[in-house]
Every structure is written in C-alpha cells, then in structure tokens.
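Colleague: Hi, I'm new to this one. Could you walk me through it?

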Amino acid sequence: MDLGLNEQQQMLRDFARDFLEKECPESLVRAMEEDERGYSPELWRKMAEQGWQGLIIPEEYGGVGMGFLELAVLLEEFGRFLVPGPFISTVVLGAIPILEAGSEEQKQQLLPRIAQGELILTMALLEPSARLDAQGVQMAARPQGEAFILSGTKLFVPDAHVSDYMVVAARTRQAADPTEGVTLFLVDSRSPGIKHELLKTIAADKQCAVTFEEVQVPRASVLGEVDRGWPVVQRVMTKAAVAWSAYLLGLAQMDFEISVQYAKDRIQFGRPIGSFQAIQHKCADMAIDVDGCRFITYRAAWALAEGEPDAELWASMAKAWVSEASRRVVAHGQQIHGGIGFTKEYKIQLYFRRQKMAELMFGDADFHRERVAELMGI
Amino acid sequence: MDFKDSPQEAAFRQEVRDFLRRELTPSLRREITPFGPVTDQREIVDPSPQMRAWWAKLRERRWLAPHWPREYGGAGLSPIEQFILKEEMALARAPVPGGIGLNIAGPTIIVHGTEEQKRRYLPSILAGEVWCQGFSEPEVGSDLASLRTRAIKDGDDYIIQGEKIWITGGHRGRWMILLARTDPEAPKHKGLSFFILDMQAPGVRVQPILNMADSLEFTQVILDDVRVPRENLVGEENRGWYVATTTLDFERSFIGEAIGQRQAVEDLARLALEHRGSLPPSLRYELAERYIEATVAKLLAYQVAWLQKQGLNPNREATQAKLFSTELSQRIARTGLKLLGFYGQLGPGSPRAPLNGLLTYLYLESVKDTIAGGTSEVMRNVIALRGLGLPRV
C-alpha cells in the first residue's frame with residue numbers, strides 16, 4: 001500500500017501548482033466569468049506546451065501517454081485554482097470517447113491536434129429533460145443516403161460555443177431498451193443548422209443550449225458503432241464523474257485552507273475566531289471531509305487506471321461522497337468568513353459557486369447513491 | 001499511488017488468510033456478528049470453551065498480542081502488518097482479542113515498566129487475566145488531568161483514596177491501571193502518578209452500573225485507603241500523565257471497525273429486503289450512503305496505516321478515524337431501526353423481535369461510542385488544536 005504520489009506524479013503536481021499560481025491568478029478566474037469565450041487562448045496554448053491536453057493521449061497519437069491517475073492529480077490542481085475553460089470538455093468528454101470508440105482514422109485525425117491544443121471538443125449529451133440515463137437521449141438522427149440528419153436540442157453542453165467538434169449522442173432507433181439505439185457522432189460545431197445559446201450559470205462557466213436544425217452529418221462521423229453508443233457514453237460518464245471529483249477535491253482543499261487561515265487571522269472579542277470551539281469544530285469536520293474526498297477520489301481513479309472490475313462502483317461512491325462533502329466544506333467556509341465571504345469581492349464565493357456546478361456534473365449524490373444501491377443489489 | 005499490497009504485504013496477508021481458513025470454525029464465527037455478540041446475556045461473561053480454544057490458537061501464533069515485541073510473547077509485527085491482520089480478521093468475522101490488558105496496560109508496561117513488572121504482569125495478560133482502567137472519576141471526565149483521587153506516600157507504600165468510574169469490566173478485573181494524584185501542589189498535569197492496583201486488595205469496592213441498554217459493562221470503583229506497594233508505580237512519581245499519554249507504537253487505524261461497519265450495512269440491506277420486500281428510494285439511498293460512509297471510514301483507516309508505515313505519527317488522522325467511525329456506528333444503528341419501522345422498538349427477548357432485538361440494542365449501545373475514549377467534541381478539539389494549529393485562546 002502506498003497512498004502517496006510517485007515521483008512522476010509529484011513532479012506533475014508541483015509543476016502544475018507553480019504554473020497555475022502564476023498563470024491562473026484570481027484575476028483571470030474573475031475575468032473569464034465575464035468573458036464570453038470563458039477561457040484564455042494564451043493560457044490554453046501554454047497548457048498545451050506542457051502537454052496537458054495530451055496528458056492521457058498515447059504517444060503514438062502525439063500525447064504524453066500518462067494514465068487516468070495522473071489526470072486526477074492535474075485536475076485536483078485545476079480545482080485548487082478554479083481553472084476556467086474547456087479542459088475537462090476537451091480531454092475527458094472529447095478525447096476519451098475517441099480513444100474508447102474512435103476508428104484509427106478518427107484517432108489519427110483528431111488526437112494529435114487535441115494534444116497540440118489546436119482543437120476544443122465537448123460532448124452534447126443532456127437534453128431539456130436533463131436526464132443522465134439513456135432515456136434522456138431522444139434527439140433524433142435519421143439516416144439519409146450517406147449521411148444522418150440531426151434535429152433537436154441539447155442542453156447544458158459545456159463550452160459548445162468555442163468548440164471545434166462535439167461528440168453528440170442521438171437516437172438512431174427507438175427500442176424497448178433505451179440503452180439500445182443511441183449513436184455517437186463527431187460533429188463539426190460549425191455545421192450549418194447548429195445554433196448555440198449561452199446559459200447564465202451559477203458558476204459563470206460556459207454551458208450552452210445547442211439547437212440542431214436538420215444538421216447533416218456524414219456517415220464517416222459516426223463514433224463507434226451505430227445504435228451501440230450508450231456503453232461508450234457510460235464509460236465516459238464514469239470517468240467524467242471521477243474527473244469532476246478530482247476537481248472538487250482540489251476546490252474543497254483550497255477552500256478549507258483559506259478558511260482555516262482566516263480563522264487564525266480574524267480577531268473578534270480580542271481573540272482569533274479560530275480559538276472558539278464553534279469555529280474549531282467546523283474546521284475539524286472540514287478536515288475529515290477533505291481527507292475523505294481525497295482518498296475516495298484517488299481510490300476511484302486508481303480503480304479506473306488499473307481497469308478494476310468494480311471501477312464503476314468506486315466512481316459512483318466517489319462522486320456521491322465528494323458531491324456532498326465538498327458542499328459541506330464550502331458551506332462551512334462561507335460561515336467561517338462571515339460577512340466578507342458573502343461579498344462578490346472576496347474570493348471564497350468563487351469556490352462556493354463552482355462547487356454547486358461541479359456537484360451536479362455527471363450526477364449528484366442521489367444519482368450516484370442510486371447506482372451504488374443498484375450495484376449493492378438492493 | 002498504489003492501493004495494492006507490496007509483495008511482502010501480500011505474502012503476510014496470505015499467511016493470515018491461511019491461518020483463518022484453517023483455524024476459524026464456522027460456529028466460532030457465528031458467536032460474533034458485525035453488530036456485536038449474539039447473546040441474551042448482556043453481562044461480560046466468561047468466554048465459551050471454543051472461544052478459549054481460539055485465544056489459545058492465537059497465543060500460539062503470537063497473534064494474541066501482535067503489537068508486542070517478540071521477547072514479551074508478542075509477534076513484533078510492524079504497524080502495517082498489524083493493520084493487515086486486523087483487516088483480515090474483520091473480513092473473516094473472526095473474534096478479535098482486545099481489552100485494557102492487551103491494548104493499554106501491556107504496552108504501557110513494556111515502554112515504562114521495570115523488568116520486574118514486565119516479568120510479573122505481561123505473561124498473565126497473555127494468559128487471559130482481565131485488566132481494567134481507572135482514569136475517569138465522578139467529577140472528572142474529559143478534563144482528565146484534574147482528577148482528584150489521592151495517592152499518599154506511606155513508607156514503602158502509597159495509600160489510595162478516591163473514586164473511579166466508567167470502569168469497563170471492573171467487576172471482573174484482576175488488576176487496574178490507575179491514575180492518582182501524588183502532588184496536589186504541582187500544576188495539574190505534573191502531580192499525577194501511574195499505578196498498577198490489585199483489585200483484590202482490602203479497601204477496593206466495586207459497584208456495578210447498569211447502562212441504558214440494560215447492559216452491565218462498566219462499574220464504579222471506590223478506593224478506600226487501598227495500599228499499593230511502591231513497586232507497582234509505573235514510571236516515575238509525578239510523571240503519570242506522560243506515562244498515560246505516551247503514543248504507543250501500535251496500529252490505531254480503526255480498520256476493524258470500518259470493515260465491521262461495511263459488513264453491518266450489507267447485513268442490513270439483506271435484512272431490509274427480507275423484512276420489507278422492496279425499499280422506497282429514500283431508504284435505498286440511505287443504505288447506499290451508509291455503505292459509502294463505511295468505505296470512507298476504511299480509507300481513513302488506510303491513511304493512518306500508510307502514515308504509520310512511513311514511521312510518522314498520525315495523530316490528527318487517527319483522531320479523525322475514531323471520530324468518523326464512532327459517529328458512523330450511530331448512523332448505521334439509526335438506519336437499522338428506520339428499516340425495521342415499528343419492529344425497531346422490540347428489544348432483546350421480546351416476542352417478534354427481528355434478530356432478537358440486536359439492532360435495538362445496538363441503537364442504545366452505540367450512544368456510548370462517541371463518549372468513551374474521548375468524546376466527539378474532545379476529538380474535534382484535538383483535530384483543530386493539534387492537527388490544524390488553531391489557536392488555544
């Protein structure tokens with residue numbers, strides 16, 4: 001048993017922390033809330049120079065060839081610094097389905113350019129029903145000659161407005177079992193008939209409503225097999241749940257550190273508020289929650305990296321726990337900070353708002369409890 | 001990061017599994033459930049003959065006191081080996097040896113005791129003599145260092161005068177480890193001494209205390225001019241606080257508890273399906289949440305073991321594990337009773353009580369878990385002050 005980072009992971013973490021401290025200050029995080037694109041192309045390019053967009057892409061496709069555990073290490077740092085932009089969209093929602101289901105040609109064509117930072121990808125999965133199960137995929141894709149015609153609305157699509165390609169889940173067949181008949185398409189985001197509308201979210205991240213009006217997609221753009229796309233979506237969702245857990249872990253860890261420091265510094269009644277047990281006990285609870293987040297997230301990332309048979313259970317346990325533990329942490333963080341924490345000016349609210357977004361991403365606690373219950377056989 | 005055993009750890013784990021497969025009989029396993037022993041007898045009773053045989057097998061294998069050095073009859077296992085042993089025994093639902101003698105008195109004597117004390121007491125602990133711990137007093141709970149029981153020097157002896165309370169197994173104890181005040185003038189931590197007290201000595205009076213679960217576990221012990229010979233002082237006079245709070249170098253991860261909790265949730269899920277057929281979503285989620293929490297408890301235990309493996313002192317982390325684990329026991333008991341609905345009020349011995357009222361008993365019994373060995377509030381103080389460095393005043 002070794003719960004520490006190995007040398008390579010340690011280097012990755014230390015480097016990422018130094019890099020993001022310089023390149024992703026609070027001012028950038030705030031600016032990107034107002035920016036319509038929601039990311040800094042300059043930072044995106046610098047990240048690509050470090051090989052981050054290609055971190056988990058094999059070397060034969062121009063990537064760095066590291067594993068999912070290393071991605072979790074990096075994403076923890078992203079959460080710490082609240083890095084804005086389409087990184088998870090591109091790497092987890094874009095590159096992973098191509099790696100899982102793409103043809104050799106699709107891999108050759110797209111993965112090197114993703115690794116270079118030349119492409120932004122995302123996945124268009126949810127629809128107005130906001131269901132994360134196969135039943136939620138109702139947008140029709142009907143065959144027409146050598147193409148498919150996509151019509152319908154996708155909702156909560158992260159970074160669609162700046163994307164080059166979207167992995168779109170659409171229904172090619174109505175079957176009694178909703179997990180059958182879903183097909184994945186690699187769609188050029190600038191195809192005629194596609195419109196994006198930016199949503200105004202709690203975290204000021206960039207999620208879109210994307211409408212498809214008779215969008216023609218060539219048959220060669222099918223990712224994997226026709227009608228057999230849902231298992232791929234499931235595998236991506238499992239990894240995305242753990243990726244967001246890692247982001248939430250870093251976010252919670254940082255909120256905790258800022259709040260404990262504040263409790264030591266803030267003087268009331270002639271003494272630091274951290275000397276009051278009412279505050280101390282909140283801090284103690286935060287410490288346990290953050291440690292819990294850390295080890296269940298890395299245990300799940302490790303299960304995925306090792307291809308363990310129960311990786312799905314670990315992923316759901318992780319996202320269920322982290323979704324709520326991180327919310328408890330940021331809620332305590334707000335309370336410890338008192339009035340200043342409630343202002344837009346002070347940084348702690350940035351964590352509070354993003355926590356809620358990430359809590360929802362790829363399933364909140366109840367969604368994953370249901371999956372755990374199912375896997376437990378109850 | 002690697003959650004697998006190292007080759008060495010895997011080999012030791014296999015050794016433990018082989019032993020358990022060979023020696024742990026199914027009937028022995030049935031004497032223990034994750035909820036505690038299945039029995040109507042709520043008093044601490046003499047172990048059954050087969051339990052005695054089990055202890056003997058463990059003693060032979062040196063796993064009765066795996067954390068003691070080999071020269072004193074232990075196995076001298078490293079913390080990570082102790083961790084694996086506990087984990088495997090819990091997974092196999094094997095009865096685990098414990099108690100004040102093996103876990104506190106023995107290790108304290110090994111660190112602070114004289115050669116004579118080691119020779120005299122350690123073998124008897126391994127032989128099964130019951131020890132108890134006389135620390136708390138009627139007026140002294142969490143603020144232990146302010147205890148009032150006096151030890152007054154009288155020639156070669158000390159005369160002990162005072163009252164001790166919450167003494168688990170006091171009515172069966174042969175020896176007591178005792179904290180008493182030898183210097184009332186000194187600051188409170190600096191006037192205490194640590195003694196071994198003969199429970200059969202004149203002046204020792206034991207009064208049982210029935211707890212709210214109708215269980216006779218602990219007692220009050222009145223010490224009325226009890227004579228303790230000087231050779232029963234452990235460590236130096238007035239250094240008793242430091243003897244009592246020595247961080248003993250053995251595994252303290254709460255892994256056994258975490259494994260037991262997961263088994264308890266699995267058993268609850270089975271019971272729920274038998275008892276109610278199908279479950280509404282709220283109960284499904286609650287059971288799943290308990291399962292996830294037991295998994296987190298296990299990972300917090302792994303964190304402690306991993307730090308100890310590196311020779312670090314996981315003070316904050318072990319405190320977190322204790323706090324989380326004991327609060328979780330109560331949540332599991334609560335979920336258990338919720339599953340049973342009206343049947344949840346039926347206690348041991350009642351007609352129609354599921355599992356003979358075991359869950360009802362556990363619901364009451366687990367109340368003490370967040371009090372004994374340091375209340376949850378004290379645990380949070382320790383995490384905040386010593387772990388996070390928050391200011392004292």
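Modeller: Happy to! Chain A and chain B bury about 4,300 Å² between them, with 70% of it on carbon and sulfur atoms. Buried area here is the accessible area (1.4 Å probe) that two parts lose on being put together, summed over both. On the chain A side, Met1(A), Leu3(A) and Ile378(A) lose the most area to chain B, together 20% of what that side buries.

Colleague: Anything I should know about the model and the numbering?

Modeller: This is a predicted model, where local features need pLDDT of at least 70 and side-chain atom pairs count only at pLDDT 80 or more, while totals for chains, interfaces and linings use all residues. Residues are numbered from 1 along each chain as its sequence is written, chains are lettered from A and ligands numbered from 1 in the order in which they are written, and side-chain values use heavy atoms, with hydrogens and water left out.

Colleague: Back to the interface, then. How many residues are in contact?

Modeller: 46 residues of chain A are in contact with 45 of chain B, contact being heavy atoms within 4.5 Å.

Colleague: And how many salt bridges does the rule find across it?

Modeller: Five, counting a side-chain nitrogen of Lys or Arg within 4 Å of a carboxyl oxygen of Asp or Glu. One pair joined by a salt bridge is Arg284(B) and Glu370(A), whose closest N and O atoms are 2.6 Å apart.

Colleague: Which elements give two or more residues to the chain A side?

Modeller: Helix 7 (230-265), strand 10 (271-272), helix 8 (277-306), helix 9 (311-341) and helix 11 (365-376) of chain A. Helices (H or I, at least four residues) and strands (E, at least two) are DSSP runs, numbered from the N terminus. Helix 8 of chain A gives the most, with 16 residues.

Colleague: New topic: which way do the residues of strand 1 of chain A point?

Modeller: In strand 1 (residues 121-124) of chain A, Leu121(A) and Met123(A) point one way, Thr122(A) and Ala124(A) the other, and all are buried. Buried means under 20% relative accessible area, exposed over 50%, and partly exposed in between (1.4 Å probe, protein chains only).

Colleague: Any odd backbone angles in chain B?

Modeller: Asp214(B) has a positive phi, near 65 degrees, though it is not glycine. Asp214(B) sits in the loop between strand 8 (204-209) and strand 9 (218-229) of chain B.

Colleague: Is Asp214(B) buried or exposed?

Modeller: Exposed, with a relative accessible area of 54%. Asp225(B), in strand 9 of chain B, also has a positive phi, of about 50 degrees, and is partly exposed at 48% relative accessible area.
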